[in-house]
Amino acid sequence: MSSRSPLAPDCFPDLPVIAGVTPRVARAGYKPWDRCDLTLITLDPGTSVAGVTTTSKCPSPEVEWCRAALTLGSARALVVNAGNANAFTGNRGRAAVEAISARVAAALHCQPSDVFVASTGVIGVPLPIDKAEAGLDAALAAAPCHWEDAANTIGTTDTFAKGAVTTAIVDGRTVTLVGIIKGSGMIAPDMATMLGFIFTDAAVAPTFLQTALSDANRRSFSCITVDSDTSTSDTVLAFATGKAGNAPIIDVDSPGSDAFCAALRDLCLQLAHLVVRDGEGATKFITIDVTGAQSDQSAHRIALSIANSPLVKTAIAGEDANWGRVVMAVGKAGEPAERDLLSIRFGTTQVAREGLAVEGYDEAPVAAHLKGQNIDIGVDIGLGSGRATVWTCDLTHGYISINADYRS
């Protein structure tokens, strides 16, 4: 990993073991690096699964495999390859996914469709089957590892391992949810972020787990952006082993369904924020709140227009209170807006109101706010009750340096 992001948390959280979940890592050697790059997580029989995948029209074979497997609702294993996205690789890419699934299924005595596969890294290079199979054999023989090892192994340009934990009371029992995620660049998910995996000991029916994950995704992963680019490989999967012993959550009327959904939303938001905090070259974590839009959907699109604007992001990087760039981003969003109703704030300081700069406003507190690592921008459209929040980071020379030599 490269130098640690200045926005990174102090340390990796203490993530507990989840009953029915066993992570292992190994070195397949997908790139000439001295690190593990294959993660194998085995799951006890009876584990249910849900997932969301990229909206890209050029998805990887792994994404297509997961989509088909998700329709069955059960899982026994997850394999994650780092360093090679195996996307845009035709029949050779599909053959690699099938070979991986078949090898793990044979070892676990399950169906290949119970094995989920995800890959991340360079696009356009077929995943070498021989390296994948050797890596799988090594992982199957390896001792179980800690969550931090797994989180490090799924990373590519990430500068720190990302994990989170939360709990809920369901049917009188404490259930635990743990998640690991990777992502740093090519982040503008319309469904999820690059690769994220959630594990819980709660008993949850696959259909309800899917409903809960889709809702959590809408409020978290689909509200972050680093660079406006949606990956070919974006996948978030949630696995529920049922080992907590609660009565299975099958619908909204099941005991503890609200508590479980709230915990899942909290976990997803924690993970989503970690991805933004590791945005390639990032030095600022930016929260953009849009209110007063005609609808929540309109507010979301306006917020993303601001968050994805290179001019806004570079102004924040330079600690420049150039609110005119925010006006520009609102205007280009293609959503209903009225110039003479628009208001903008940086931090708690109102800088523009009803289409004009606030007369005599003091820029000193705004300048002080922009020198911090956590930046808040508020925009009121003045048309309705629609609101949305989006999280992003600034755009620095570091982003260019990382991506100019990504394949080297």
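In this predicted model, helix H3 turns Asp-130 and Ala-141 outward, both of them exposed, on the side away from its buried residues. Those buried residues are Ala-132, Gly-135, Leu-136 and Ala-139. Viewed along the axis of H3, they fall within an arc of 105 degrees and therefore line one face of the helix. The spacing will look familiar: an α-helix has 3.6 residues a turn, so residues three or four places apart point the same way. The buried residues of H3 find their packing partners in strands E1, E2 and E4 and in helix H2. As for its length, H3 covers residues 129–141, 13 in number, and spans 18 Å between its first and last C-alpha, close to the 18 Å expected at 1.5 Å a residue.

The strands that H3 packs against, E1, E2 and E4, belong to an open sheet of four strands, ordered E1-E2-E4-E5 and with mixed pairing. Strands E1 (21–26) and E5 (115–122) occupy the edges; each has a single partner strand, so one side of each is left without a neighbour in the sheet. On average, neighbouring strands are turned by 15 degrees against each other, direction ignored.

At the E5 end of the strand order, E4 (residues 77–84) and E5 run parallel and are joined by eight bridges. Within this pairing, Leu-78 stands opposite Phe-116 of E5. Helix H2 (residues 90–108) packs on the sheet as well, where it touches E2 (38–43), E4 and E5. The direction of H2 makes about 140 degrees with that of E5. Helix H2 thus meets both the sheet and the buried residues of H3.

Definitions and conventions: Residues are numbered from 1 along each chain as its sequence is written. This is a predicted model: local features need pLDDT of at least 70, side-chain atom pairs count only at pLDDT 80 or more; totals for chains, interfaces and linings use all residues. Side-chain values use heavy atoms; hydrogens and water are left out. Two strands pair if DSSP finds at least two bridges between them. Helices (H or I, at least four residues) and strands (E, at least two) are DSSP runs, numbered from the N terminus. Axes are lines fitted to C-alpha atoms, for helices over the stretch in contact, and angles run from 0 to 180 degrees between N-to-C directions. Contact means heavy atoms within 4.5 Å. The expected span of a helix is 1.5 Å times one less than its number of residues. Buried means under 20% relative accessible area, exposed over 50%, partly exposed in between (1.4 Å probe, protein chains only). The arc is that of the directions from the helix axis to the C-beta atoms.
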